[in-house]
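Student: I should like to work through a protein model with you, from the overall fold to individual side chains. May we begin once the sequence and structure are in view?

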Amino acid sequence: MIFTIIKTLHIISVIAWMAGLLYLPRIFVYHADPIINKETSSTFKTMEKKLYLFIMTPAAILTWLTGISLIHYFGLETWLMLKILFVLGLSIFHFYCGKWMKLFAKDLNTNSAQFFRIYNEVPTDLMIFIVIFLVFKPFL
């Protein structure tokens, strides 16, 4: 029963975190547009801050806590260590999103919309590898 609860919380938190990791860089794409006005920029800043602080970060923390708890049930197999490596990549990307958010908040962003379009693909690519390792469990 406890395994099922932890697994359920893990899945829900992963979905929430991934939604934020996919959406926040997309907001950055529009926020980086040099022709937006001050009011629109202010709206983006509010959206970015709330998404990052109130959805993404708690979801990331819960993802890690429940994921570490699940190691007890799965053991530390090779496929799981590789999956954790990709999740670590998502975490690094998460922190970069926080850095970019803070630069936007201070009107100090120097990255282009094209930069964020490219970086918007990073969480998708990492997610694909994570799902492959989870489903196929290679190296067993």
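Student: What share of the 140 residues in the protein chain is buried?

Tutor: Buried means under 20% relative accessible area, exposed over 50% and partly exposed in between, with a 1.4 Å probe and protein chains only. The model is predicted, so local features need pLDDT of at least 70 and side-chain atom pairs pLDDT 80 or more, while totals for chains, interfaces and linings use all residues. Residues are numbered from 1 along each chain as its sequence is written, and side-chain values use heavy atoms, leaving out hydrogens and water. Of the 140 residues in the protein chain, the buried ones make up 34%.

Student: Which pattern does the protein chain follow along the sequence?

Tutor: Helices (H or I, at least four residues) and strands (E, at least two) are DSSP runs numbered from the N terminus. By that rule the protein chain has 5 helices and 0 strands. Its C-alpha trace spans about 55 × 30 × 15 Å along the principal axes. Read along the sequence, the pattern is α-α-α-α-α.

Student: Among contacts with a separation of 6 or more, what percentage joins residues 24 or more positions apart?

Tutor: Contact means heavy atoms within 4.5 Å. Among the contacts in the protein chain with a separation of 6 or more, residues 24 or more positions apart account for 80%.

Student: Is serine 13 buried or exposed, and which residues does serine 13 touch?

Tutor: Serine 13 is found in helix H1. Its relative accessibility is 3%, so serine 13 counts as buried. Not counting residues up to four places away in sequence, serine 13 touches Ala59, Leu62, Thr63 and Thr66.

Student: Which helix gives the most to the nonpolar patch?

Tutor: Patches are made of residues with over 30% relative accessible area and no salt bridge, joining like charges within 9 Å and nonpolar side chains (Val, Leu, Ile, Met, Phe, Trp, Tyr) within 5 Å; a salt bridge is a side-chain nitrogen of Lys or Arg within 4 Å of a carboxyl oxygen of Asp or Glu. Met1, Ile2, Ile5, Leu9, Ile61, Leu62, Leu65, Tyr73 and Phe74 form the surface patch, with about 880 Å² of accessible area together (Shrake-Rupley method, 1.4 Å probe, for residues only the protein chains shown counting as cover). Leucine 62 counts as partly exposed because its relative accessibility is 33%. H1 and H2 each supply at least two residues, and the one that gives the most, with 5 residues, is H2.

Student: How are the rings of phenylalanine 28 and phenylalanine 116 arranged: stacked, tilted or edge-to-face?

Tutor: Rings of Phe, Tyr and Trp (its six-membered ring) pair if their centres lie within 6.5 Å; planes under 30 degrees apart count as stacked, over 60 as edge-to-face and the rest as tilted. A search of the whole structure finds 16 aromatic pairs. For phenylalanine 28 and phenylalanine 116 the ring centres are 5.2 Å apart and the planes stand at 55 degrees, so the pair is tilted.

Student: How many residues apart in sequence are the parts that this pair ties together?

Tutor: Phenylalanine 28 and phenylalanine 116 are both buried. Phenylalanine 28 lies in helix H1 (residues 2-31) and phenylalanine 116 in helix H4 (residues 113-119), so the pair ties together parts separated in sequence by 88 residues.

Student: What arrangement do the rings of phenylalanine 93 and tryptophan 100 adopt?

Tutor: Phenylalanine 93 is buried, with a relative accessible area of 5%, and tryptophan 100 counts as buried at 5% relative accessibility. Both belong to one aromatic cluster with Phe28, Tyr96, Phe104, Phe115, Phe116 and Tyr119. Their ring centres are 6.0 Å apart and their planes at 80 degrees, so the pair is edge-to-face.

Student: Over the face of which residue does lysine 137 lie?

Tutor: Lysine 137 is placed in the segment after helix H5 (122-136) and has a positive phi near 40 degrees. A charge sits over a ring if NZ of Lys or CZ of Arg is within 6 Å of the ring centre and within 35 degrees of the ring normal. At 5.0 Å from the ring centre, lysine 137 lies over the face of tryptophan 79.

Student: What is the phi of aspartate 107?

Tutor: Most residues other than glycine have a negative phi. Aspartate 107 is found in the loop between H3 and H4 and is exposed, with a relative accessible area of 53%. Although aspartate 107 is not a glycine, its phi is positive, at about 55 degrees.
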